[in-house]
Amino acid sequence: MTTSQPKKTLTLKKKSSDATEASTSGRPGHGPRKRSGARARLVAQRELTRRKTDTFDTFEAELADAPTVDTSADTARPAKPEWSPAAERAPTRRRPATDHPSQHAATSGVVRRPRSDARNSPSRIRVAETFRVFTPCPHGLEEALAAELNALGFDDAVADRAGCRLTTDWSGILRINLYSRLATRVLVQVAHRPVNTENDILDLAYNTPWERWFGAEQTLRVDTSAIRSPMQSLQYCNLRAKDGICDRLRDKEGQRPDIDTVRPDARVHLFLDETSATLYLDTSGESLFKRGWRLDKGEAPIRENLAAGLLALSGWDPNAPLLDPFCGSGTIIIEAAWIALGVPAGIWRPFAFERLRNHDDRHWKDIKAEARARIATRLDTPLVGCDLNPAAIDAAKQNLDRAWLTPDTIRFEVADARNVLPPADHGWLVTNPPYGERLEDSDDDLWWQWSQNLKQNYSNWHVNIISSDLELPQKLRLKPRRRIPLHNGALDCRLFVFDMVKESYRREKK
Ligand SMILES: C[S@@+](CC[C@H](N)C(=O)[O-])C[C@H]1O[C@@H](n2cnc3c(N)ncnc32)[C@H](O)[C@@H]1O
């Protein structure tokens, strides 16, 4: 392996249209219908009950990441971005702008209560309204996500179980979707109350002003997750929530949304704990780790937000050399290139909020234009990915291209980690080697041989390895400086952090 670094640039060909945006913009909203007679009285009574019961003064602390649905849109190549060259790199700490005048109207989950005369009006505008937000992330990345959100200007973001909570305005919600590399989705709390029975869930859903966000012109999916909930059947709870939403919209507007479990326009998450139910509007849609560039190839690819999390936890300096010697389809190293260039994680993908009522596409385009203006067009950081499998390197190169990076941005090579030499005299090695069922017993000496290479050639390198094999440090005969608990999907893993100073090798040799 050579140490000379080619000039690295981003592809900057212009595209003619933004197909992604065009395909996801919502249809105009419908105004609320007038009611009369018994139905009106019933609705009025429920409205009164809602005003009494909606308290919204607690956040749920635990939200399991709801299942995601793969759609054909995942594999479609995103529209070419309209980037403009810029001197600045990644966005630095900044506060989200205040709400655009034509932001979404209030929901019952907002921190500042809407004025009562504006209730139920899908088109009412409230400026600088703030919302309670929960951003789930992979277990183990909560603190790193809080730090990322703080750095983006969300000062009150705090780590919670499997995510972060914060308050922000609608612009902030769009910005988290666009910029966060670690969050899995951005959920806006729209209702919360104690529940005893499934019918309480129906009431809660019925009494939430969904018409501010969506109606019969959108399709709907409801997901339910729970921690220590005493409810008998989560499926039935899910049905009750869905019925409450649909009944309300039918009563208010004469029509209810169709259910689409595969590619819904609007997605609602019901979370249940021991005593209460919380309803969230999902503003992300597909999980945020889907950046839009991945080809469905490669052996056990790591999720993009976990890759970004590994880089964050490793303390990688985006100006310093980075090597992934088990790079597979290139996720960690491509994610690193985007970080170093300041490419916002969500710049090419569509989001659920684009399909909701009152989506202000002009405001959204302004936010994206501002983000694009910060993207650097040159990258001088040595980024290297190696894999034994030529098919993996082929997939990595295709992903590199699909991520709109020029071939010289990252050096991908077919090589055996046991022989790969460092591309510089110091740097970071961040990797996701094979583990679990994929590794045969006979491969155990891989660790011994690889560790010999690390000890002999990687002085001054920070070595970071994610693995579900808790015996890995013993197999490498290296003492980790840190073992950070992390989940890779369902696998309980550790990020083992080793500082390869010459002493560690000498100590091992005694
Ligand atoms: C868990 S996968 C890495 C997945 C990768 N993080 C991604 O997102 O696509 C492990 C990779 O290690 C590669 N591998 C196994 N033994 C190797 C060796 N001795 N040297 C280099 N790569 C090896 C496999 O081909 C596989 O692609």
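Here are legends for a set of close-up views of this structure, which is a predicted model.

**View 1. The whole chain, before we zoom in.** The protein chain carries 13 helices and 16 strands. It runs to 510 residues, and 49% of them count as buried. Take the contacts between residues at least 6 apart in sequence: 81% of these join residues at least 24 apart.

**View 2. Helices α4 and α9 pack against each other.** Two packed helices are described by the angle between their axes and the distance between the axes. Here the pair is α4, residues 170-179, and α9, residues 361-372, with an angle of about 45° and axes 11 Å apart. With that angle, α4 and α9 are oblique to each other. Their crossing is right-handed. On the α4 side, look for Ser171, Leu174, Arg175 and Leu178; on the α9 side, the partners are Trp364, Ile367, Lys368 and Ala371. Sorted by class, that contact holds five nonpolar residues, one polar and two charged. For a sense of the spacing along a helix, recall that an α-helix has 3.6 residues a turn, so residues three or four places apart point the same way.

**View 3. Helices α5 and α6 side by side.** In this pair, α5 covers residues 198-206 and α6 covers residues 234-253. Their axes come within 7 Å and cross at roughly 30°. Angles under 35 degrees count as roughly parallel, and so α5 is roughly parallel to α6. The crossing of α5 and α6 is right-handed. From α5, the contact takes in Glu198, Asn199, Ile201, Leu202, Asp203, Leu204, Ala205 and Tyr206. From α6 come Tyr236, Cys237, Arg240, Ala241, Asp243, Gly244, Ile245, Asp247 and Arg248. By class, the contact of α5 with α6 has nine nonpolar, two polar and six charged residues.

**View 4. Helix α7 under cover.** Helix α7 spans residues 304-314, and 10 of its 11 residues are buried. The buried ones are Glu304, Asn305, Leu306, Ala307, Ala308, Gly309, Leu310, Leu311, Leu313 and Ser314. What lies over them? The cover on the buried residues of α7 includes helices α3 (142-151) and α8 (331-341), along with strands β13 (427-431), β14 (461-467), β15 (482-488) and β16 (491-500). Just after α7 comes Gly315, with a positive phi near 75°.

**View 5. Ala183, a loop residue with plenty of company.** Ala183 sits in the loop between α4 and β5 (187-194). Is Ala183 buried or exposed? Ala183 has 30 other C-beta atoms within 10 Å, so it is buried. Setting aside neighbours within four places in sequence, Ala183 is in contact with Thr135, Cys137, Leu145, Ile176, Leu288 and Asn305. One of these, Asn305, is also among the buried residues of α7. Another α7 residue to look for is Gly309: its C-alpha atom is 9.5 Å from that of Ala183, although the two are 126 residues apart along the chain.

**View 6. The shell around the ligand.** How many residues surround the ligand? There are 24, and the closest are Pro301, Phe326, Gly328, Thr331 and Ala417. Helix α8 and strand β11 (383-387) each supply at least two residues of this shell. Sorted by class, the shell has 14 nonpolar, six polar and four charged residues.

**View 7. Two residues with positive phi that aren't glycine.** Ala162 has a positive phi of about 60°, even though it is not a glycine. Ala162 is found in the loop between β3 (158-160) and β4 (163-168). Since Ala162 has 23 C-beta neighbours inside 10 Å, it counts as buried. Arg228 isn't a glycine either, and its phi is positive at about 55°. Look for Arg228 in the loop between β6 (220-226) and α6. Arg228 has 9 other C-beta atoms within 10 Å, so it is exposed.

**View 8. Arg378 on strand β10.** Arg378 belongs to strand β10, residues 378-379. Arg378 counts as exposed, because it has 12 C-beta neighbours inside 10 Å. Leu341 is worth picking out in this view too: Arg378 and Leu341 are 37 residues apart in sequence, and 7.3 Å apart in space from C-alpha to C-alpha.

Note on methods. Residues are numbered from 1 along each chain as its sequence is written. This is a predicted model: local features need pLDDT of at least 70, side-chain atom pairs count only at pLDDT 80 or more; totals for chains, interfaces and linings use all residues. Axes are lines fitted to C-alpha atoms, for helices over the stretch in contact, and angles run from 0 to 180 degrees between N-to-C directions. Helices (H or I, at least four residues) and strands (E, at least two) are DSSP runs, numbered from the N terminus. Angles under 35 degrees count as roughly parallel, over 145 as roughly antiparallel, 65 to 115 as roughly perpendicular and the rest as oblique. A crossing is left-handed if the near helix is turned anticlockwise from the far one by less than a right angle, and right-handed if clockwise. Two residues are in contact if their C-beta atoms, placed from the backbone, lie within 7 Å. Ala, Val, Leu, Ile, Met, Phe, Trp, Tyr, Cys and Pro count as nonpolar, Asp, Glu, Lys and Arg as charged, and the others, Gly among them, as polar. A residue is buried if 20 or more other C-beta atoms lie within 10 Å of its own, exposed if 12 or fewer, and partly exposed in between; C-beta atoms are placed from the backbone. A residue is near a molecule or strand if its C-beta atom, placed from the backbone, lies within 6 Å of it.
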